[in-house]
Amino acid sequence: MSADDHQPRSAAAVDERPDLDAASLISVRGLRVHFETKRGRAHAVDGVDLDIRDGETIGLVGETGSGKSVTARSLLRLVPMPPGVLAGGSVLYRPKQVCGACSGSGCTACGQVGRRPIACRACDGAGCEACEHTGRHTVDLLRISDTELREIRGNRIAMIFQDPGKALNPALTIRQQIAEVFLEHRSGELLQAAGLEDGDRRAGRLMRRSAHQRVRGIERLMLKLPPWRGRQVKLSTAIDDAVIRALEDTRIPNPRKILTNYPHELSGGMKQRVMIAQALACDPDLLIADEPTTALDVTIQARILDLISELQQRRGTAVLYISHDLSLVKRVCDRVAVLYAGQIAEVSDVAELFRRPMHPYTRGLLAAVPSAEQQRGQLRAIRGTVPELVDPEPACRFHTRCDAAVPLCASREPVLWERGDGAAPHRVACFAHADPQVLGVDRRELPVLDEGSS
Amino acid sequence: MTAATNPLDRPAALHAGDHVLNVRAVRKHFPIKDGVLQRVAGHVRAVDGVSFDVPRGSTVGLVGESGCGKSTLGRVIAGLLDPTDGGVFFGMPAAERARLDALLQVPPEARSEAQAAELGDIDQQFRIDRLDKHRRRHYRRNCQVVFQDAFASLNPRQLVRDIVGRPLKAFGEASGSALTERVVELLEQVGLGRQHLYRYPHQFSGGQRQRISIARALALDPEFMVLDEPTSSLDVSVQAQILNLLHELQRERGLTYLFISHDLNVVRHMSDEVVVMYLGRIAESARSTAIFETPRHPYTEALLAANPDETDREPIRLSGSVPDPARPPQGCRFHTRCPVATPRCGWEVDDLVRIAGESEGALDGLKGVERRDPFDAKLVFDTSRQATATARSMQRDRLPDALAQAVRRVERLDDTVAVSLQSVDEPPLVEVAPGHRTNCVLHHDEL
Amino acid sequence: MAESTVRPAPPGLPAVPLEALRTRGLRFAELARSALRNPTTLLGLAILTVIFAMAIFAPLLVPVNPSGALQMPRNWGATNAPPGTPGHPLGTTPNGGDVLYGIVWGARTSLRLSLTVVSITVVVGVAMGSLAGFLGGKWDELLMRLVDVFLSIPELIFALAIAAVLGPSFGNIILALAAVFWVKYARIIRGQIMQVKQNEFVDAAYVVGESRWNVYRKDVLPNSITPVVVQATLDMGHVVLIGATLSFIGLAEAGLAEWGNLVSEGQSGIAAGRWWVATFSGLMVFLWSLSFNLVGDGLRDVLDPRTEGR
Ligand SMILES: Nc1ncnc2c1ncn2[C@@H]1O[C@H](COP(=O)(O)OP(=O)(O)OP(=O)(O)O)[C@@H](O)[C@H]1O
Ligand SMILES: Nc1ncnc2c1ncn2[C@@H]1O[C@H](COP(=O)(O)OP(=O)(O)O)[C@@H](O)[C@H]1O
Ligand code: SF4
Ligand code: SF4
Ligand SMILES: [Mg+2]
Ligand SMILES: [Mg+2]
Ligand SMILES: [Zn+2]
Ligand SMILES: [Zn+2]
């Protein structure tokens, strides 16, 4: 993908796009991911701009098929290609490192989270082209090599999935599942903790394989003999300690007991905890949670949510929380982005969004939640369903279902306009909130939303 | 078993009027097969003694966590599964119902011959698995189901016309072009149209498929519909469309619904009455407003508190997960997770072992458990030191209060620990306020 | 829904069944199109077309043997004639049989053999497997025990044993092969039915008052049959291979125009440089089973429920 593949949605987008919060951890810019299907090119994600700030929880909501999972998976290049096609955009990641002042234990300099941003290597923090004048070390996750990416995946950016049963390897014990993460990204520290010197790479590799129980023949014999045997025991104690610490963090009672269990022997909630332990094992900068509680019962869901937000606050991890349930998002997130048909319809702080939803789609979603007050049979449903994403026209994606749609909506694409006041930033992609002068149209051509609705 | 002491939780005396359906002491146990020989190793007690009524024209909501037996009960009611015990009675007039309830209060072994004959007679007329051919057909056309999975409930190889027209064909109501016209009418009632007649299910979205399912269920103009989580695979926006449609159909046709769901918002919105199930039993049942405004069961309260929309409720966090329905807990089935459990709630040896096991070192070297009954057992260890460690972790001050008070004895002798607890029967479902039944002993005390 | 305007009912009815036909036709056309997009399937189909044409037009290609169409004509005047001999373009066998005749009419024999065996086994296997899978319980246990017994014996050896006991004849080969092959179908269909039975649409059919037989016929069978179709295609090739093996070791009628027979007759001559008899017939066996395999694999891909109807 070359950089000039990235096309803004319209010329207006460039002028209107406010300066994206410069220091955000992740900046998704104009992300487009398409799928080749029998019927044509499905524009699953079609120009998504999204910022994830350090330590915040941002919600990504939308109906099924709106592109939430594809967006999230694109951050880690987990979308299968083919049939997927990266049609443009970039995902800028500004990594952090262990705080030099406190070496990770937390101090005032790092806001008690133990990690701090890295200065741009090209300009040493002064701001240059390479870091988009943020002064922060910046990599484009869509363009770095596979090796670099692997070093980030599971380590700096981790992901948990909807179905914990499918995401855990059924053939590995809980200990092995979590040990794997440590061995992959933290083998140096493990060897250190075990009192084994780091430098001896061969030893490290052998140890890693032995921890995976992947040693054969003569090596296995070797490990049973004196110089190795001792190291082996020390290492596996170190691994156990690390694994248990990770599990303890997720409030699993007596974690030692489940170390040798296989995933299928645990309940859904427990599996989700193991997955969280695995994801947070390396203190990632960002945790992507793709509907982590949809498969769980309400009573268990509440506890998992508490757990995620508690761990997140303690460690300063940013969370991208994907859900189709607005009430959940309201409860756990700081900011919310509403996705519709592969584009962001509205982004804002949680309180602001729920107090003053601006996009007709957001209003529709909110009104559709059944409640006691609404009379039976009088739920405000959004009519129709998500449109086909195959080769869409340049139009507001929502115009087929929008009650306020006017001809303009069917002929041009709205972009995200900043419409919040200083205290509460709020961006929305609907012509009803557009400036007619910028668009070059008459005010009467714009749609009008009935206020006070929702 | 303790449940045998109350074979029939009395149904609420709320509605004297016309009922479409009466469920009486229904159990459904599934055998667990084990090994090469497929020996029966136990039973999953999916539904374990449930009684309630469905008044005509109303919507009864059935809620509970997954695996608590909602769908199984729905299937028994729809005649897809035969109950292991108890019965489902369809279209029974009030007089017969009173007769039946009186008869069922007599334990089976104490029934006189005349009583048994009378019971058999009622069964033959109204109990859905005992009906004669003619009555069964009447029941079949009047009790329809909409299934949870919008994708699995339509035959992928049939066209919409054949799917929706199938009941009409099976009952010989129409064929050929008359059938097609009837199908079009039905499709129009659920917001689809003639253009959808000749399409395959995979050409529709989830919401549209659920509409097709509803059209099929309506084809025979039934009195009663079991809706098994009809919207749980749909988005809120589409869910709202379907809920509106269901309500409209109910109003137009005077339908009666059994609405199964795990979503409290949906149940609250749709139901007149709510039955809360936990592990195959009814925990609480009452009018919808009563359940949501004055819940009388800690489980219901926890469900309500877990609802993300209920921000003003004090969050109650249940520990652990739903126990294995093959071995439901003694006493109140909810006591393993109940935040306000009392010493009378049925604490058993398993609880003691489970809670002791959470502390480091306890239960190491456990060789076996000799059970006298669920409340009395001997734990055998490899060494007496391990036995001591476990016994120490079971000391009163290390246990939750309610459990500690229920413990009668923890004694170590050599390498064994003998434990015994207060033995408790399963609490019955009691009507504590008009139409409001609960099996929580705390609320029984209020009486 | 997506189409908010409901089209008015067209006057008259004839358009309606046509539309149904079109939907079904479209589905078929789409399947066919995606099958043909695969080059190996296409190759398999091409070979099959040639062989089938050969079988159908056999009398036009090589004159019928007056003493029996499926009998090799004997020309005792030209034994072991090499290819290119006038009147015997592909040479003759040690018994003076015309190799070309054997190849062309052998296609008929193969077709007859595989069609008979496969149709018998599919019918028997599907019936047995359906009884076991659909009715379950005692039926299932009984039939599956039987199947286990059959499966514990290698199929070739079993067929051999039957053919040996019954004596060498074409009919007995059919019988032997049928006895072996039905088991596979019974197993496949049973497994499929057990899965399909779990689907909610089966329950839905019972709820609308459908009879068990109709549920089986309309819901269960059509959704379970795909792997049987694939397997049957593969077996069309497989049967001829095993049939040829049986003939090769002399369990077929002598003098039958059959490829395995030819291979058997020709094998002794290979060492002496008379390669043609075994080579041409062996090639036919190979092509036949290869092409059915290619087509079967293609079908499997196309009919895979995960890709179907997307
Ligand atoms: N591997 C794939 N091949 C083809 N299309 C795909 C693939 N993965 C996703 N899509 C398409 O991309 C679009 C967005 O899918 P995505 O999974 O991101 O939706 P979502 O918002 O996560 O929905 P849900 O709430 O159901 O998880 C959909 O139209 C989907 O069909
Ligand atoms: N056919 C069956 N065979 C064995 N166990 C079953 C069967 N159907 C349901 N169960 C078990 O019965 C219990 C209740 O299931 P179900 O009624 O589906 O619960 P719900 O609908 O409330 O989620 C579960 O433990 C489930 O595993
Ligand atoms: S731009 Fe037009 S169609 Fe789109 S949401 Fe706004 S009013 Fe509706
Ligand atoms: S009886 Fe009531 S208090 Fe006791 S465990 Fe059950 S729900 Fe809790
Ligand atoms: Mg998703
Ligand atoms: Mg269910
Ligand atoms: Zn610091
Ligand atoms: Zn820089």
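**Exercises on chain B and ligand 2**

In this predicted model, the centres of domain 1 of chain B and domain 2 of chain B, taken over C-alpha atoms, are 46 Å apart. Residues are numbered from 1 along each chain as written, chains are lettered from A and ligands numbered from 1 in written order. Local features need pLDDT of at least 70 and side-chain atom pairs pLDDT 80 or more, while totals for chains, interfaces and linings use all residues; side-chain values use heavy atoms, without hydrogens and water.

**Exercise 1.** State the bounds of the two domains of chain B.

*Solution.* Domain 1 covers 7–271. Domain 2 covers 347–421. These bounds come from an automatic or database domain assignment.

**Exercise 2.** Describe the shell of residues around ligand 2.

*Solution.* Step 1: apply the criterion, a heavy atom within 4 Å of the ligand. The shell includes Phe30(B), Val44(B), Glu65(B) and Pro325(B).
Step 2: sort by class. There are 5 nonpolar, 5 polar and 2 charged residues, with Gly counted as polar and Cys as nonpolar.
Step 3: find the main contributor. H1(B) gives the largest share, 3 residues; helices are DSSP runs of H or I, at least four residues, numbered from the N terminus.

**Exercise 3.** Find polar atoms of Lys70(B), Ser71(B) and Thr72(B) that lie by oxygen atoms of ligand 2, and state how much of the ligand is covered.

*Solution.* Step 1: for Lys70(B), a polar backbone atom is 2.8 Å from a ligand oxygen.
Step 2: for the side chains, the distance is 2.6 Å at Ser71(B) and 2.4 Å at Thr72(B). A polar contact is a pair of N or O atoms within 3.5 Å.
Step 3: of the 560 Å² of accessible area that ligand 2 has on its own, the protein covers 62% (Shrake-Rupley method, 1.4 Å probe).

Notes
Polar contact = N/O pair within 3.5 Å; in protein donor to acceptor, adjacent residues only side chain to side chain. Helix = DSSP H or I, 4+ residues; strand = E, 2+ residues; numbered from the N terminus.
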